[in-house]
Amino acid sequence: MSFKRVVITGMGALTPIGNDVSTFWKNLVAGVSGAAPITHFDAEKFRTRFACEVKGLDINNYIPRQEARKMDPFTQYAVIASDEAMKDAGFDTDTLDLDKAGVIWGTGIGGLKTFEEEVMNFSENGKTPRFNPFFIPKMIVDSASGVISIRNGFRGPNFITVSACASATNALIDAYNYIRLGMMNVCISGGSEAAVTIAGVGGFNALKALSERNDSPETASRPYDKDRDGFVLGEGGAAIILEELDHAKARGAKIYAEMIGAGMSSDAYHITAPHPEGLGAFMVMKNAVENAGLQREDIDYINTHGTSTPIGDPQEIKAIEKYFGEHAYKMSISSTKSMTGHLLGGAGAIEAAACILAIKDQVIPPTINHFTDDPEINPRLNLTFNQAQKREVNIALSNTFGFGGHNASVIFKKYEG
Amino acid sequence: MSAIAERVKQIIVEKLGVEESEVTPEANFQNDLGADSLDTVELIMEFEKEFNLSIPDDQAENIGTVGQAVAYLEENVK
């Protein structure tokens with residue numbers, strides 16, 4: 001049997017720099033930072049007191065209060081993003097085959113805030129076990145995909161992928177493959193995260209993973225800059241509607257781009273540190289390019305994992321130079337985490353959206369906050385520092401790497417019929 | 001309406017998102033007020049918290065309507 005083709009027909013986004021796709025993209029191209037002092041809890045005693053939070057969001061404008069209170073924020077974000085994407089895709093729900101419509105979502109952690117609140121209640125109330133009956137269904141990571149399927153009546157494949165900061169990319173890959181295999185026609189995919197909480201910030205601080213540039217949050221996420229000092233925690237998510245090509249054409253759908261391949265690999269090296277020579281990063285890009293049936297010279301843009309950590313950034317760059325050779329200096333590269341912060345399990349979703357929109361609008365969003373060159377980073381690379389660049393973008397690749405050594409990459413192409 | 005009945009009504013309005021006018025003594029949490037079994041467990045917990053008492057499971061099973069909740073609480077709240 002031959003594989004089906006898969007296209008993108010809808011998108012939704014809820015991010016630290018915009019609560020819908022158009023605002024997100026406008027600010028991403030304009031180089032707007034989403035970082036600011038933490039408002040979700042009192043962070044005064046924390047080493048890091050800022051993050052990229054979602055802003056100005058009144059959940060009740062999107063989800064009735066009675067439903068919203070049974071969802072952890074990561075699920076609320078998933079619902080808001082997927083509602084926008086479904087509206088954008090414009091399905092006729094009377095004719096859509098709901099048995100062939102699935103939800104495959106990515107989340108790295110799940111209901112951290114819910115877990116914290118319930119355990120703190122237990123601790124503060126004389127250790128009497130009075131757990132809320134909604135505690136478990138709110139907290140478990142698969143609740144986001146469950147809620148999205150209930151909301152839309154999608155009865156096909158339904159689950160969550162978990163691979164830390166590669167989670168949403170793995171979700172997209174699974175959705176892509178199940179559609180390619182004919183196991184569903186349509187999938188709401190993407191990912192979300194809501195880890196700007198006491199334990200989230202405290203835990204990443206303990207790993208010394210977060211930037212501690214408290215006097216200048218908006219310049220703290222500075223991938224590839226000599227003075228980068230860690231990542232900036234972000235939250236939110238994005239939804240991407242994947243659809244089988246003939247199914248999309250039959251209903252006259254708007255097509256943003258085609259998904260043409262994906263790669264996965266594992267560092268098999270260390271639970272948090274990346275492989276020093278970027279071996280996993282090298283393999284995941286190679287696997288993706290080969291899976292898509294491309295030559296490495298076909299890649300126009302890489303949206304890097306580029307989290308702004310001292311050891312993570314150079315290993316990905318080394319892998320790019322090693323794999324792409326001379327072409328590494330001809331393509332465009334950027335880390336949009338310089339603006340959005342790091343959405344952990346949701347990162348792959350908003351960065352896939354960035355790749356798809358780069359293809360649609362033929363513009364590369366920048367890596368902002370570049371002040372000082374790092375001698376470890378080859379200046380011949382075009383890292384799109386500080387300003388977006390217009391260029392021809394036919395094919396874009398998005399890299400994501402997660403704690404545990406998980407690497408996942410996806411490739412999108414301009415749709416040409 | 002007793003003070004207890006008024007507090008019970010407020011909890012139900014808050015948790016189930018219903019109108020005050022729907023919260024009549026005869027109203028059944030699940031059949032009339034849109035609660036599912038988890039909502040009902042949560043309501044019992046809220047009553048326990050609000051009135052600072054513990055409702056044993058075998059008693060909680062008999063509380064299905066607004067009136068039954070008020071009656072139980074009026075009898076047991078000290």
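The exercises below, each with a worked solution, concern a predicted model.

**Exercise 1. The interface between the chains**

Describe the interface of chain A and chain B by its residues in contact, its buried area and the residues of chain A that supply half of that chain's share.

Solution. Begin with the residues that touch: on the side of chain A there are ten, and they are in contact with 14 residues of chain B. Next comes the area, since the size of an interface is often given as the accessible area lost when the parts come together. Here chain A and chain B bury about 920 Å² between them, and 47% of this area lies on carbon and sulfur atoms. Finally, looking at chain A by itself, A:Arg69, A:Arg130 and A:Pro133 supply 50% of the area that it buries against chain B, which is more than any other three residues supply.

**Exercise 2. Charged and polar pairs**

Find how many salt bridges there are between chain A and chain B, and give the classes of the residues with which chain A touches chain B.

Solution. The count between the two chains is four salt bridges, and one salt bridge joins the side chains of B:Asp39 and A:Lys70, with a distance of 2.7 Å from N to O. The number of residue pairs in polar contact between chain A and chain B is seven. Sorted by class, the side of chain A that touches chain B consists of four nonpolar, two polar and four charged residues.

**Exercise 3. A salt bridge within chain A**

Explain why the salt bridge of A:Glu212 with A:Arg47 ties together parts that lie apart in sequence.

Solution. The closest N and O atoms of A:Glu212 and A:Arg47 are 3.0 Å apart. A:Glu212 belongs to the loop between helix H8 (198-206) and strand S7 (236-244), whereas A:Arg47 belongs to the loop between strand S2 (36-37) and strand S3 (50-51), so the pair links parts of chain A that are 165 residues apart in sequence.

**Exercise 4. Two packed helices**

Decide whether helix H7 (residues 167-180) and helix H13 (residues 347-361) of chain A are roughly parallel or roughly perpendicular.

Solution. The two helices pack at an angle of about 65°, and their axes are 5 Å apart. Because angles of 65 to 115 degrees count as roughly perpendicular, H7(A) is roughly perpendicular to H13(A). The contact is made by A:Ala168, A:Thr169 and A:Leu172 of H7(A), together with A:Gly348, A:Ala349 and A:Ala352 of H13(A). By class, this contact has four nonpolar, two polar and no charged residues.

Technical notes: Residues numbered from 1 in each chain as written. Chains lettered and ligands numbered in written order. Predicted model: local features only at pLDDT ≥ 70, side-chain atom pairs only at ≥ 80, totals over all residues. Heavy atoms only, no water. Contact = heavy atoms within 4.5 Å. Buried area = accessible area lost by both parts, 1.4 Å probe. Polar contact = N/O pair within 3.5 Å; in protein donor to acceptor, adjacent residues only side chain to side chain. Nonpolar A, V, L, I, M, F, W, Y, C, P; charged D, E, K, R; others polar. Axes fitted to C-alpha atoms, helices over the stretch in contact; angles between N-to-C directions. Helix = DSSP H or I, 4+ residues; strand = E, 2+ residues; numbered from the N terminus. Parallel < 35°, antiparallel > 145°, perpendicular 65-115°, else oblique.
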